[in-house]
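Biologist: Please pick one part of this protein, look at it closely, and then say how it sits among the rest.

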Amino acid sequence: MEMNAKRVRNIFSVALLSSFFLFSSVALAGKKVCTIYPHLKDSYWLSVNYGMVMEAQSANLELKVLESGGYPNVNKQRQQLTACYEWGADAIILGTVSPDAYVDQVNHLIGDTPLFATVNHLNIGIKDRPQFEGEVGVDWYWMGYNAGQYLAMKHPKDTGKVNVAWLLGPRFRGGTKPATQGFYDSLQDSDVNIISTYWGDNDKEIQRNLAQQVLELPNIDYIVGGAVSIEAAISEIRKAPNHRSIGLISTYLSHGVYRGLLRNKVEFASTDKMVLQGRYSIQQVISYFEDQPYEISLSPVIEQLTPDNVRLTNINDSLSPLGYRPVFSVKSSD
């Protein structure tokens, strides 16, 4: 009798929960969310896209996705913000190409549409604050710091100098500036010597050319950089005549860097869990629509990966499934 009563309570609880999600899904039908990414040139933003799309589909939201084609394209992204407003977005999620690009200009570009920042830090002016409703992302200082700390622990002071080439990506765009500061700070009291620094957009061809330039240097022990740089370096080292032994350290994770870790071609990478960040951004918007309390600033826990621990990691929080292609539109059903 007691077991039957418990079973009835469980069935009732499941039915209540199902009714709640059904009600929530119906209530959100017709809500329009517009999101803008700096680019979709690497699997980092592809994975953010996957997380957002999965969450939007689950919540029955209408989602429109735009990408700006690269970090130099401030004017294009500015036009895309206005396009989101003209589309009738109920909320806009912005992965900015530059932290200071829209200070005290948000209302001019998107009216009173609620604005959320994702992944890249967005500086907000006093005039923007009334419509700024949330942000998702990690402090990229620690992404750079983790990479440097790995090297500093491997090569402490007075153990023999090692030379590093630094290829992080576009200068002062995205997380480049804080990651660079974190990397340099972590190398205090170590024998790690940065002898070359190269900047360039996160474009595969640009980064391939930079990797080739680095390999022409005679005394490089490590290449440290963003995932696109490290993916290019893996390929170029493999093609090098002498197949030089150069350590590869990535400040963030991608599908190619993940494969490099599995195959012992990459020594270290951090992941800030891109899929999870995409999900978090949509969840913030949902809470805003439903007038529910939520954390205004959300950050996944950064995880440090090496060939020794990478197989133990829940990679589904970080990388989109194999073969996933970017989705630019999700329709809601009434």
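Modeller: A residue is called buried under 20% relative accessible area and exposed over 50%, and partly exposed in between. The model is predicted, and everything below should be read that way. Asn-314 shows how the cut-offs work: its relative accessibility is 44%, so it counts as partly exposed. Asn-314 sits in the loop that runs between strand 12 (303–305) and strand 13 (329–330). Its C-alpha is 9.6 Å from that of Lys-273, although 41 residues separate the two in sequence.

The part I have chosen is helix 3, which covers residues 74–87. From first C-alpha to last, its 14 residues reach 20 Å, close to the 20 Å expected at 1.5 Å a residue. Five names make up its buried set: Val-74, Gln-77, Gln-80, Leu-81 and Cys-84. Viewed down the helix axis, these buried residues fall within an arc of 115 degrees, so they line one face of helix 3. The face turned away from that buried side carries Asn-75, Gln-79 and Glu-86, which are exposed. Just past the end of helix 3, Gly-88 has a positive phi of about 95 degrees.

What does the buried side of helix 3 pack against? Its buried residues meet three strands and one helix: strand 1 (32–37), strand 2 (62–67), strand 3 (91–94) and helix 4 (106–110). Of these neighbours, strand 1 deserves a closer look. Six of its six residues are buried. Lys-32, Cys-34 and Ile-36 point to one side and Val-33, Thr-35 and Tyr-37 to the other, so that both faces of strand 1 are covered. Strand 1 pairs with strand 2 in the parallel sense, over six bridges. Within that pairing, Ile-36 has Leu-66 of strand 2 as its bridge partner.

Moving outward, the largest nonpolar core has 93 residues, and those touching the most other members are Leu-61, Leu-63, Tyr-102, Ile-223, Val-224 and Leu-253. Helix 2 (residues 43–59) supplies the largest share of this core, with nine residues. In soluble globular proteins, nonpolar side chains tend to be buried together. Beyond its neighbours within four places in sequence, Leu-61 contacts residues including Leu-28, Val-33, Ala-56, Ile-282, Phe-289 and Val-330. Val-33, as noted, belongs to a covered face of strand 1.

Ile-223 and Val-224 lead to strand 8 (residues 222–225), where Tyr-222 and Val-224 on one side and Ile-223 and Gly-225 on the other are all buried. Strand 8 runs parallel to strand 9 (residues 247–250) and is joined to it by four bridges. Gly-225 has Ser-250 of strand 9 as its bridge partner.

Val-164, in strand 6 (residues 162–169), touches strand 8 as well: Tyr-222 and Val-224 are among its contacts, along with Leu-151, Phe-183 and Ile-220. Val-164 has a relative accessible area of 0% and is buried. Another of its contacts is Asn-193; the two C-alpha atoms are 5.9 Å apart, with their positions 29 residues apart along the chain.

For the protein as a whole, the secondary structure comes to ten helices and 13 strands. Of its 334 residues, 53% are buried. Among contacts with a separation of 6 or more, 74% join residues 24 or more positions apart. The exposed area is about 16,000 Å², of which carbon and sulfur atoms supply 51%.

Terms used:
Residues are numbered from 1 along each chain as its sequence is written. This is a predicted model: local features need pLDDT of at least 70, side-chain atom pairs count only at pLDDT 80 or more; totals for chains, interfaces and linings use all residues. Side-chain values use heavy atoms; hydrogens and water are left out. Buried means under 20% relative accessible area, exposed over 50%, partly exposed in between (1.4 Å probe, protein chains only). Helices (H or I, at least four residues) and strands (E, at least two) are DSSP runs, numbered from the N terminus. Two strands pair if DSSP finds at least two bridges between them. The expected span of a helix is 1.5 Å times one less than its number of residues. The arc is that of the directions from the helix axis to the C-beta atoms. Contact means heavy atoms within 4.5 Å. A nonpolar core is a set of buried Ala, Val, Leu, Ile, Met, Phe, Trp, Tyr and Cys residues joined through side-chain atoms within 4.5 Å. Accessible areas come from the Shrake-Rupley method with a 1.4 Å probe; for residues, only the protein chains shown count as cover.
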